[in-house]
Amino acid sequence: MTTRLPIVERGPSLDEVDGSLVVFRHRGGRGLALFGEVVDWRTGLAMQPRGDHAELALRLRPGIYAYKFRTPAGDWQLDADNPRTRSVDGQRNSVLVVGGSAEPLLHAPASPTLWLGEDGRVCVRAGLRRGWAGAGAGDARLTLRWDEGEGPRDVAMRVVAEEDEHRIFEAWLPTSARFFDYVFVLADGRVRGQAGAPGVGFRVDRRRLRAPAPSWWREAVVYTLLVDRFRAGGRGGTWPARIVEAVDAAELRAGQAPRHIPFGRVDVDEQRRMAWEQGRAGGDLEGVIEGLDHLEALGVTVLHLTPIFEARSAHRYDVVDMLRVDPALGGEAALRRLLDAAHARGMRVLLDVTVSHVHRDFFAFADVRARGRDSPYWDWFHIQRYPFDEGLDPGYLSYAKGAWQEPALRCEHPGVVDYLVGVFEHWARFGVDGFRVDAAADVPLGLLRRVREAVARIAPQAVVFGEVVPDNLQRWTAAALDAATDFPAQQALYAWLLPRGGEGKGGEGKGGEPEGAGRAASLLARRRASRDSLGAGSLAFTATHDQPRLRTLVGRAPALLGQLLVLLRASVPALLYGDELGMHSDEPERGFEDVWPDRGELSWDPERWDAEALALHREALALRRQSAALREGDEQFFTLEGGEDRVLGLRRTSGAEIFELLLNASDEPRSVALREDAPSDAVLRLRHGEVELAPEAGRVTLGPWAAALLERRPSAAVLAVLDALRTTNAARAEASFRAGELTTLALPRRLYLTVTEACNLRCDHCITHAPIKTREGRARTMQPWLHEALEDAFATAEYFGFTHGGESLVSKQFIPLLRAIARARGPGAQPFDAHLLSNGMRLDLATVETIHGLGINSLAVSLDGASAASNDGLRRGAKLDEILAKLRAIVAWRERTGADLRLGISMVAGIETVAELPAMGRLARELGVDWLKIEEFYPATPRAKREFLEPRDPRFAAGMDALRAELAGSSLVLVDHRAVPAGCWCRAEPGTALREFLEADAFANRARFYACRMAYEQACVEPDGRVHAVAYEAPALGSLAEASLLELWNGPQAQHARRAGLAWARSQCGLAIP
C-alpha cells in the first residue's frame, strides 16, 4: 500500500550526508519541482526561488541520476545547462553522473553499474552512447581493463540491454582482492576512467560493496497470504459466516466502518455491500499452521504474512499496536507456534510492517487527540489544525484514498525513528526471519538503513525487503534493503499478456492484441540491467494483494504462462495466496487497493481447485529447487525464429547448466528453431499444453498457450565420455602421453588450488609475499564461481594440494570448497588424497575433524624453529606453544579414532636456525608426526636473503647429519629438500639418492610425481581462475572466467608445455614416444 505526495519540501532526513553536494538550477520562478531518480519519478522536490532562477541543493552519492524539471503548469523540461541525456522508449531525460565517467560513457562506481555478485565475481556495467563522435560500429564494442595487483587484464564487455541513446554493456570480473582498479577502453583505443581525468581509473574497495543476501533468500520462494482470508483454524477448512452490521453515517463519522468506504459518495446499500466485502472473514495464525502441509508440498520456502498486529481492518495495515499480535489471530502464542512449525519444515516467516501511517487509535495519536499540543507526540504527525474533524478533511495528513482514519507518521522525526526501529528489533528478537516494509519508497532512506542495521545486529541472517513501486529499485536496495518489489517487471508481463487498453481477457477473443514478445524481452532485459543482483535483490510477481490477480485480468491460459514465467525467473518468485489454485474474480476493473473480490477467502475444497494449475506450480517449483540454474542462476530473455513475436524465451544459466523456457502467448501453434549457442541436445523437463520437441531438427512446436522447459546439454555420447572420466581419467591421460598427443580428452589428475593469498601471520621470509598482499589489500581469495567452473575437474582428480598462497584456514571459502569437491564426486566415488599446508594457528581439533571428514588426509605444519624465540621471531604472529598443543591433540585424536591422516612438519632452516635441526628432530619424534621436511630459505625477501644458507654449506651439512643421528631408529621420514636431485621416477633406481628423495617426498605429499608427465597430470589454479600447467611459475593457460578447463587444458600454452614434457621424457627417461 503506497502513499504519494506530489511535491515535498527538501528535509534534512532525506539528505545523503556523505554524498557530494549537487546544486540543480532552472530558469524560472516559483512552483518548480525536480523529479527523477534523485528520489523517484513519483515524488517531486520543491525548488527554491533565487532571483531569476530556482535551485535545489542535494547531497548525492556516486551514481547515475535521470531527472527533469516540472513547471507549475505541468510541463516537463530538460536541464538546459546539462547536455547529457538518457532516453528510454522515447522518454528523454537529463542525466547526471556523480563520481563517474564522462561522455560517451554512462557509468559510476555504484549500484547498479558496479556490484558484488552472489558467486563472488564483480559485475561492471556501462552505457555507451550510440554513434559517439561518428564512431560507427565502434559503439558496439567496449573493453574493460582491470588490475588487482597482478598486472592489467582486458575483458570484452557484452551488450545486455538496449536503450534509445545507449547500449548497456556488462562484464564479470573474477577479482577477489580487497582493492582493484579499472578503466574502459573505447573502440579507438582511448582510455576512459573518471570524468575530468579520463586516464585515471576507478579504485574499488571490495569490502564496501554490498554483501549478497543470505543464501536461503537467494533460493527463496515467497508466498504472500492475507492472514484473514487464508484459513480459519480449527474448522477443517471451512469458513465462518461473515456477518457485518448495518453501516450508517454515524458509524462512518466515528471511524468505525471498514477502510476505503468513501462516506458521502455512495448510498447506504452500497456502503453495506462494501462493509461486508471488507469485513473480517475469520482467518488466523492457527489456520496458517494448518495450511503448512499444502505450502510445503507446493514448494514454498518463505511465508510473507500481511500485518498481524492489532488493527481495525481485515487487512490490518491500519495498525493500532505494533508490539502486539492481534488476539483475533491468536496472539503471540499462535505466532510462536507458527514459527516453530514453519522452521521444523525448513520454512522462514516474514512479518509485514507498516511504517508510514497508523490508525487513529494508535497510542501516540490517541494521546494527541486527547491532549492536543500538550501531547509529547504532537510532532510525530503532520498536524494541520486542531481540534480534528471527522471525515475526509480531518485536520491532519492521512493515508491516501480517503483513509482519513489513518494519520501519516513523520518518519524523519527522531522519536518516530527510534520507536519504529524498536518495533523491528522486538520482533527480530522474537525469532521471525525477516520483514517486508510497507510503502518503503515513501519513507526516508535513513530510517530504512537504521532498520536494516538494527535487524542485522540481532539476526544476521534475517532479510528486510520493501514494497517499492518506482523504477529505480537500486536507490533502496543499494542503500538500505536486501530486496524490493519489481513493479516495472510486472508491467513487462502485462505488455506481453494484457490486451492493449486492458479490455477483456487475453485468450478469450476480447480486447486488442497485447504487445509482442520482443517488446517484453527488451523490457525484462532492461530490468535485469538495472538490478544489483542476479535476482535476489528483486521480487517477481503476477500480482500483489493490492492488485487484481493476473487471471482476473487476462483469463486462465495467459495467466498460467505468466505465473510459470515468474516461477522460473531469476528474481525471487512471490506467489499470491490462491494463485496456485486458480483463484480469481470477475471484477478486473477494480482499482489499486480496492481489489476485495480478489482478496476472498481461500477455498480448501479440492473440488474447487484448478488441479492443472496446482500441478504446474508444484512441478515448476520442484525443478527450481533441484536446479542451480533455476534457483540462483543468471537470466536472459529472447525471441525465436518462427515465433511471430508471440513466443517469449527465457534462458537460465549456472556454470555448464542451461535451461530454456519457451512460452507461446497466442491462440495459434508456433514452431520455433532452438538457439544454436548452446549444447546440441535438448531434453524436455516440463511440458504445459501441447509440445512437440524435435532435437535432431533443432525445433520445438508449441501449441496454443503452451510452454516448454528445455534443458540444453551435450549429446549423450559426450556425456558418456565425461561420465567415464570419473573412472578412466588417469588411463586417458597416460594414453595421451604415451601416444605423444598434444591434446587429450582427460582432465588434470592433480589440482593445486590457491584458496587464498591472505595470511594471519607476518612471516619475514614468505616467498608468496602473503603478509604484504594482506596488508595492502591485494591478497586474492577463491570465490564460489570457481567452485562451479572446476566441478568436472573436482569429480575426476585424484589429488588436491592446498600449499600455495596464504593460510587456507583463514578463508571462509575453504570449507565450502572442500564441500564442493565432495559434492562433485558424489557418493561411492573413487578415493582421493588431499594435502594441506598450514601455519598451525587455526588447527584446533574441531577444524581438523571437519576438514578430515571432507577429504583432507595429509597435513603439514610450517615450523621454522624448535624454540619459541626462533620460530615466533621469524613467523611473526605465531605462537609455538599453542601450535604444539594443537598438534599433540591432533595426534592423540588420530590414535584414538584411527583416522587416516598423515602428519608432518615443514621447516625452513637458515643461518640462525640450522643449529636447531637436532632439536626439531626431537620435537617431531616427541609429537608423533610422520615426517619432517627440511629446506633452505628462498631469497625472496631481505630477511630471507640474510638467513640464506647454501644447501651444501658445511654448517647445513653438519646440522643435517646431527638431525639424522637424532632420528636414527625412528620411523619418522626425513625429507631432505635442500638440493633436490634432478630426475624422474622413470629412472629412479633403488638405492640411489634420487630414489630416496622421491620416496620421501611422495610420502610427505601423499602423491607420486612423474616429471615427464606433469604437463598431462598437474594443474595449478589461482584465486582469479587463471590456470597453469605443471607449476604456478609457468605461463598461464588462460582463465576459467573465459573458458572451460577442458578447453584451457588443450589450448596453445598447454600444448607447448606438453612438447617440453615429451622432449624430457625422450631424453631423460628414455621413453619411446612418437
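Buried means under 20% relative accessible area, exposed over 50%, and partly exposed in between. With those cut-offs in hand, Arg-964 counts as partly exposed, because its relative accessible area is 36%. The close-ups below all come from a predicted model, and the same vocabulary returns in several of them.

**View 1. Arg-964 and Asp-961 pair within helix 28.** We start with the residue just introduced. Arg-964 forms a salt bridge with Asp-961, and the closest N and O atoms are 3.9 Å apart. The cut-off for such a bridge is 4 Å between a side-chain nitrogen of Lys or Arg and a carboxyl oxygen of Asp or Glu, so this pair qualifies. Both partners sit in helix 28 (residues 954–967), three residues apart, which is about one turn of the helix.

**View 2. Arg-345 meets Asp-293 across 52 residues of chain.** Here the salt bridge brings the closest N and O atoms to 2.6 Å. This pair links distant parts of the chain: Arg-345 is in the loop between helix 7 (331–344) and strand 25 (348–354), while Asp-293 belongs to helix 6 (residues 292–298). Arg-345 counts as partly exposed because its relative accessibility is 29%. Asp-293 is also partly exposed, with a relative accessible area of 48%.

**View 3. Asp-1024 and Arg-153 form a buried salt bridge.** The closest N and O atoms of Asp-1024 and Arg-153 are 2.6 Å apart. Along the chain the two are separated by 871 residues: Asp-1024 lies in the loop between strand 48 (1018–1021) and strand 49 (1026–1029), and Arg-153 lies in strand 15 (residues 153–156). Is Asp-1024 buried or exposed? Asp-1024 is buried, and so is Arg-153. Both residues also take part in a network of salt bridges, whose other members are Glu-150, Glu-757, Lys-773, Arg-780, Glu-1022 and Arg-1026. For context, the structure holds 94 salt bridges.

**View 4. Domain 1 rests against domain 2.** The division of the chain places domain 1 at 15–98 and domain 2 at 101–211. Each side brings 15 residues to the contact. Between their centres, taken over C-alpha atoms, there are 26 Å. Together the two domains bury about 1100 Å², with 49% of that area on carbon and sulfur atoms. How many salt bridges cross the interface of domain 1 and domain 2? The rule finds three. In a salt bridge between Glu-103 and Arg-84, the closest N and O atoms are 3.1 Å apart. The count of residue pairs in polar contact between the two domains is 10. On the side of domain 1 that touches domain 2, strand 7 (63–70), strand 9 (85–88) and strand 10 (91–98) each supply at least two residues. Strand 10 gives the most to that side, with five residues. By class, the side of domain 1 that touches domain 2 has six nonpolar, five polar and four charged residues.

**View 5. Helix 12 is mostly covered.** Of the 11 residues in this helix (residues 487–497), 10 are buried. Among them are Phe-487, Leu-493, Tyr-494 and Trp-496. What do the buried residues of helix 12 pack against? Their helical partners are helix 13 (517–529), helix 14 (550–554) and helix 15 (556–568), and their strand partners are strand 28 (483–485), strand 32 (647–654) and strand 33 (657–664). Asp-486 caps the N-terminal end of helix 12, with a side-chain oxygen 3.3 Å from the backbone nitrogen of Ala-489.

**View 6. Tyr-399 reaches Glu-593 from a loop.** Tyr-399 is located in the loop between helix 8 (363–371) and helix 9 (414–430). Tyr-399 counts as buried because its relative accessible area is 2%. The side chain of Tyr-399 makes a polar contact of 2.4 Å with the side chain of Glu-593. Leu-409 is 10 residues from Tyr-399 along the chain, and their C-alpha atoms are separated by 9.5 Å.

**View 7. Ser-585 sits buried in a loop.** The loop that holds Ser-585 runs between strand 30 (572–576) and helix 16 (611–626). Ser-585 is classed as buried because its relative accessibility is 6%. A polar atom of the Ser-585 side chain lies 3.2 Å from the backbone nitrogen of Glu-587.

Terms used. Residues are numbered from 1 along each chain as its sequence is written. This is a predicted model: local features need pLDDT of at least 70, side-chain atom pairs count only at pLDDT 80 or more; totals for chains, interfaces and linings use all residues. Side-chain values use heavy atoms; hydrogens and water are left out. Domain bounds come from an automatic or database domain assignment. Contact means heavy atoms within 4.5 Å. Buried area is the accessible area (1.4 Å probe) that two parts lose on being put together, summed over both. A polar contact is a pair of N or O atoms within 3.5 Å; within protein, one must be able to donate a hydrogen and the other to accept it, and residues adjacent in sequence count only if both atoms are side-chain atoms. Helices (H or I, at least four residues) and strands (E, at least two) are DSSP runs, numbered from the N terminus. Ala, Val, Leu, Ile, Met, Phe, Trp, Tyr, Cys and Pro count as nonpolar, Asp, Glu, Lys and Arg as charged, and the others, Gly among them, as polar. Buried means under 20% relative accessible area, exposed over 50%, partly exposed in between (1.4 Å probe, protein chains only).
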